[in-house]
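Hi everyone, thanks for coming. I'd like to walk you through one structure today, and you have the sequence and the model up on the screen.

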Amino acid sequence: MLKFFITTFGCQMNIYDSELMAGILHEQGFQQVFEPKDAGLIIINTCSVRKHAEERAFANLWDLYHLTPKTAKKPIFCVAGCTAKKMGEEIFRKYPFVDLVVSPANIYGLPKLVNTFKKTRQKQLAIKNQASYIKKNFPVIHANKIKALVTIMQGCNNYCAYCMVPYVRGAEISRPLKNIVAEVRGLVKKGYREVTLLGQNVNSYHDGKNDFTDLLKKISSLPGLLRVRFMTNHPKDMSGTLIKAIGKLDKVCGHVHLPLQSGSDRILKAMNRGYTAAHFLQLVRKLRQAKQDIAITTDIIVGFPGETKKDFQKTLSLVKQAKFDAAFVFKYSPRPGTTAAELADDVSAAEKQQRLEKINQAQQDIARKLSQSLIGQQVEVLVEDLATDGKNLFGKTAGYRTVIIDASVAPNQRPATSDQQLSLYIGQLIPVKIITAKNWTLYGKSAINRLHRSNTISSK
Ligand code: SF4
């Protein structure tokens, strides 16, 4: 039986693809291992969105190569993901020890590719687009036992000037609603309590009959499921109907990731984003009106070609106005083949770094204040596991903040809660009173013993 090891770079779509590869290989009798030295097949699932992510993936590929035998026992090396699609055969030339190059649309054929390589020792290149691949249903092995990622669509039609996704993942294609519902039902049966519906732009999901609002309503109605999340969103496709649904559906978590990218209309236009800063702020207001305490997170690129100090100030000012719960800030790097790569990368590295730090600093202040405003409040937490110390629990709020739950009890409260008893709370929604807060992590207390005695565990 061939043992495989997978390492993943990039976004949640890639994490899902890795889980899918694990499921497909497992179904064909392969066994997953978590140490590369134990593996006969090593898969590096790469990301090409940013130069840095690509470089890290290839550095890791070299590390893994140096760690493993060079003799007849050399493992099969497979480069998968967006960079496989982007570079194709070039990977074989640059990294001669790589045996398989497999793009995201071809991971479904992975077992066959591995077996063909084993028989023929011929390198296998599978990078052609396959329009129908996402319509199929395949087994997925989820890393987490409580919450699962579920891909609802692949690809993107937006062609933002800086982004490679439409080139490496192809045009948008949505899975039929009934397939997604069947997958989520199956997950609930297995004990999963939260799903995150994934796509490059979930707002434009459409299977021919149903749009994303229909899908959210359907998934939220499934008994036994406690929480629904989704990502990522595009501001230009965030409709009023969808915002209303997010507000009304209790199981839909109060967390929306809404990538801003820039606060300057001039740069947004150059990025081909299709919205203005004013429209973005309006969406933020509407989301906050629709759902109390909704957390809004974002992505920002600094140093896009032609971004002046004035453009940057507009971004900084928008960050302060929008008061995001978190912002992921990136320095622009040209990606070959994109339209922005043809523009002069004219903001210096030092300037990009300064701009990144300025946004991070402003954002940290905002995030800390927002987290501190939760002190003294009771929040609902989905318990994911025991904390690393084994004595406490950890979970997430609906707004995706991490909460460490102090499960200790006063000496006069008996019986003391054992680790085993604590484990009973994994996968449950429990009320937690927040005692202290850092930027993104909250620390709270829950009346675990009282809950345990009365078994008053919330299950929507
Ligand atoms: S919406 Fe833009 S940034 Fe997002 S995946 Fe599509 S092209 Fe890339």
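Let's begin on the outward side of helix α2, where the face turned away from the buried side carries the exposed residues H52, E55, A59, W62, D63, H66 and L67. Before I go further, please keep in mind that this is a predicted model.

So which residues of α2 are buried? They are A53, E54, A57 and L61. Those residues cover an arc of only 100° around the axis, which puts them on the same side of α2. Have a look at what covers them: the list includes β3 (41-46), β4 (76-81) and α3 (82-87). The helix itself runs over residues 51-67, 17 residues in all, and it reaches 24 Å from its first C-alpha to its last, close to the 24 Å expected at 1.5 Å a residue.

Now step back one residue, to R50, which sits in the loop between β3 and α2. How buried or exposed is R50? It is partly exposed, because 19 other C-beta atoms lie within 10 Å, and a residue needs 20 or more to count as buried. R50 also has company from far along the chain. Y332 is 282 residues away in sequence, yet the two C-alpha atoms are 8.2 Å apart in space. If we leave aside the neighbours within four places in sequence, R50 is in contact with F330 and S333.

Let me zoom out for a moment. The chain has 15 helices and 19 strands. Its radius of gyration is 23 Å, close to the 23 Å that the globule rule gives for 460 residues, so the chain is as compact as a globular protein of that length. Along the principal axes, the C-alpha trace spans about 70 × 55 × 45 Å. Of the 460 residues, 44% count as buried. What about long-range contacts? Among contacts between residues at least 6 apart in sequence, 74% join residues at least 24 apart.

Back to the helices, and on to α1, residues 12-27. At 1.5 Å a residue, its 16 residues should span 22 Å, and the end C-alpha atoms are indeed 22 Å apart, which agrees. The buried residues here are M13, N14, D17, S18, E19, L20, M21, A22 and L25. Just after α1, you'll find G29 with a positive phi of about 90°.

My third helix is α11, residues 277-290. It has 14 residues and reaches 20 Å from its first C-alpha to its last, close to the 20 Å expected at 1.5 Å a residue. Its buried residues are A277, F280, L283, V284 and L287. Seen down the axis of α11, they fall within an arc of 115°, so they line one face of the helix. And what do they pack against? The partners are α9 (240-248), β12 (255-257), α10 (265-270), β13 (295-302) and α12 (309-322). Turned away from that buried side, you'll see the exposed residues A278, R285 and Q289.

A few backbone details lie in the loops around here. N272 is in the loop between α10 and α11. Its phi is near 65°, a positive value in a residue other than glycine. N272 is partly exposed, with 14 other C-beta atoms within 10 Å. Another positive phi, of about 70°, belongs to Q261, which is not a glycine either. Q261 is found in the loop between β12 and α10. This one counts as buried, because it has 24 C-beta neighbours inside 10 Å.

One more for the backbone fans: which peptide bond is cis? That's the bond from M231 to T232, with omega near 0°. T232 is in the loop between β11 (227-231) and α9.

Last stop, the ligand. Which residues surround it? They are C156, N158, Y159, C160, C163, V165, P166, Q200, N201 and H234. How does that shell divide by character? Six of its residues are nonpolar, four are polar and none is charged.

That's my tour. If you'd like something to click on while we chat, try R50 beside its contacts F330 and S333, or look along α11 to see its buried residues line one face. Thanks, and I'm happy to go back to any part.

Methods. Residues are numbered from 1 along each chain as its sequence is written. This is a predicted model: local features need pLDDT of at least 70, side-chain atom pairs count only at pLDDT 80 or more; totals for chains, interfaces and linings use all residues. Helices (H or I, at least four residues) and strands (E, at least two) are DSSP runs, numbered from the N terminus. The expected span of a helix is 1.5 Å times one less than its number of residues. A residue is buried if 20 or more other C-beta atoms lie within 10 Å of its own, exposed if 12 or fewer, and partly exposed in between; C-beta atoms are placed from the backbone. The arc is that of the directions from the helix axis to the C-beta atoms. Two residues are in contact if their C-beta atoms, placed from the backbone, lie within 7 Å. A residue is near a molecule or strand if its C-beta atom, placed from the backbone, lies within 6 Å of it. Ala, Val, Leu, Ile, Met, Phe, Trp, Tyr, Cys and Pro count as nonpolar, Asp, Glu, Lys and Arg as charged, and the others, Gly among them, as polar. The radius of gyration is taken over C-alpha atoms; the globule rule is 2.2 Å times the number of residues to the power 0.38.
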